[in-house]
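Colleague: Thanks for making time for this one. Could you take me through the model, starting from the inside?

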Amino acid sequence: MRRIPRLLLDMDDVLADFIGGVCDLYGVTYRQAVAEWTPGAWGLWRPVALAAGRPELTEGDFWASLDRKEGFWAGLEPLPWFKEMVRLADEEADEWIILSAGTWCPSSRAGKEAWCRRHLGWDRREVHERLCTFPQKHMFATRGTVLVDDKESAVVKFIIEGGNGIVFPRHHNGLHRHQADPLGHVCEILGRKPGAVH
Ligand SMILES: [Mg+2]
C-alpha cells in the first residue's frame, strides 16, 4: 500500500500555466498582473483586466474570451514543477487522475484533452480514463482520496465531504508565502523529500 490510495490533481495553475496563458492573451506580464492582485485573493480576471487597462471587462466577458481564443486551453505551458509533480503522483499514489473544473465550453474540454496527450503522452483511452472535467469536486470526496488544488474553497469543501486535501500554494491563495516552492510544500505535507525517489 502506498501513501495515497487515490490522488486527484487539479490542472490549471497546478500543472498547467493558466495565469501565464491569460497574461499572454491580454498582453500583460505576470508581474503587471500581480501588481493589481492582492496576495491570497482568489480570481485573476479583475487584476488582469486592470493591468491590461480594461476595467470595463466583466467576469463573463473574460471567461468567454478564453473559450473564443482558438488553442488557448491546449496551448498552456506546463509549469516548471510539472514533471516532478507527475513523478510524485506516480510514486506516491496507487491511482491518480486529473480533476479539472474547466469551463462549460467544449473548447475547454477539447483543449485539455490535447494538453494531456501532448504533455503527458496519454493516448485517447488514457485521456478518457484519467482526465475528468467537472467543477463539483467535492462529489469525489471519500476517505483515502486526496485532492491537490490551488483553490482553497474547493479543498475545504472536499475535506468537509470526507476527503483529504492539500492546498497547492500560489499567489492567489492563503499559502502564498510558499509560492516560490509549491511542490516543496506538498512534499513536506506528504513527508517526502523533494526530488526523492521512493
Ligand atoms: Mg486550479
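Colleague: Happy to begin at the centre. Which residues of the largest nonpolar core touch the most other members?

Modeller: Keep in mind throughout that this is a predicted model. The largest nonpolar core has 39 residues. Those that touch the most other members are Leu9, Leu15, Ala16, Ala33, Val48 and Val148.

Colleague: Where does this core lie with respect to domain 1 and domain 2?

Modeller: Domain 1 covers 4–17 + 77–190, and domain 2 covers 19–68. Both domains give residues to the core, so its place is between them.

Colleague: Let's take one core member, then. Which residues is Val148 in contact with, leaving aside its neighbours within four places in sequence?

Modeller: Val148 falls within strand E4 (145–149), an element that the buried residues of H9 pack against. With its neighbours within four places in sequence left aside, the contacts of Val148 are Leu7, Leu9, Asp10, Val14, Ile166, Phe168 and Val186.

Colleague: Val186 brings us to helix H9. Why do the buried residues of H9 line one face of the helix?

Modeller: In H9, residues 182–190, the buried ones are Pro182, Leu183 and Val186. They line one face because, seen down the helix axis, they fall within an arc of 100 degrees.

Colleague: And what do the buried residues of H9 pack against?

Modeller: Val186 is one of the buried residues of H9, and Val148 is in contact with it. As for whole elements, the buried residues of H9 pack against helix H5 (82–92), strand E4 (145–149) and strand E5 (164–167).

Colleague: Over to helix H1 now. Which residues of H1 are buried, and how wide an arc do they cover?

Modeller: H1 spans residues 18–25, and its buried residues are Phe18, Ile19, Val22 and Cys23. These sit on the same side of H1, because the arc they cover around the axis is only 135 degrees.

Colleague: What covers the buried residues of H1?

Modeller: Just after H1, Gly27 takes a positive phi of about 65 degrees. Helix H2 is at 30–35 and helix H3 at 45–51. The cover over the buried residues of H1 includes H2 and H3.

Colleague: Pro39 lies in the loop between those two helices. Is Pro39 buried or partly exposed?

Modeller: A residue needs 20 or more C-beta neighbours within 10 Å to be buried, and 12 or fewer to be exposed. Pro39 has 13 inside 10 Å, so it counts as partly exposed.

Colleague: Which residues is Pro39 in contact with, leaving aside its neighbours within four places in sequence?

Modeller: Lys151 is 112 residues from Pro39 in sequence, and their C-alpha atoms are 13 Å apart in space. The contacts of Pro39, with its neighbours within four places in sequence left aside, are His171 and His176.

Colleague: Back to the domains. How many residues of each are in contact with the other?

Modeller: The C-alpha centres of the two domains lie 22 Å apart. Contacts link 13 residues of domain 1 with twelve residues of domain 2. On the domain 1 side, those residues divide into one nonpolar, eight polar and four charged.

Colleague: One last look at the whole chain. What is its radius of gyration?

Modeller: The chain has nine helices and five strands. It is as compact as a globular protein of 198 residues, because the globule rule gives 16 Å for that length and the radius of gyration of the chain is close to this, at 17 Å.

Key:
Residues numbered from 1 in each chain as written. Predicted model: local features only at pLDDT ≥ 70, side-chain atom pairs only at ≥ 80, totals over all residues. Helix = DSSP H or I, 4+ residues; strand = E, 2+ residues; numbered from the N terminus. Rg over C-alpha atoms; globule rule 2.2 N^0.38 Å. Core = buried A, V, L, I, M, F, W, Y, C linked by C-beta atoms within 7 Å. Domains from an automatic or database assignment. Contact = placed C-beta atoms within 7 Å. Nonpolar A, V, L, I, M, F, W, Y, C, P; charged D, E, K, R; others polar. Arc of directions from axis to C-beta.
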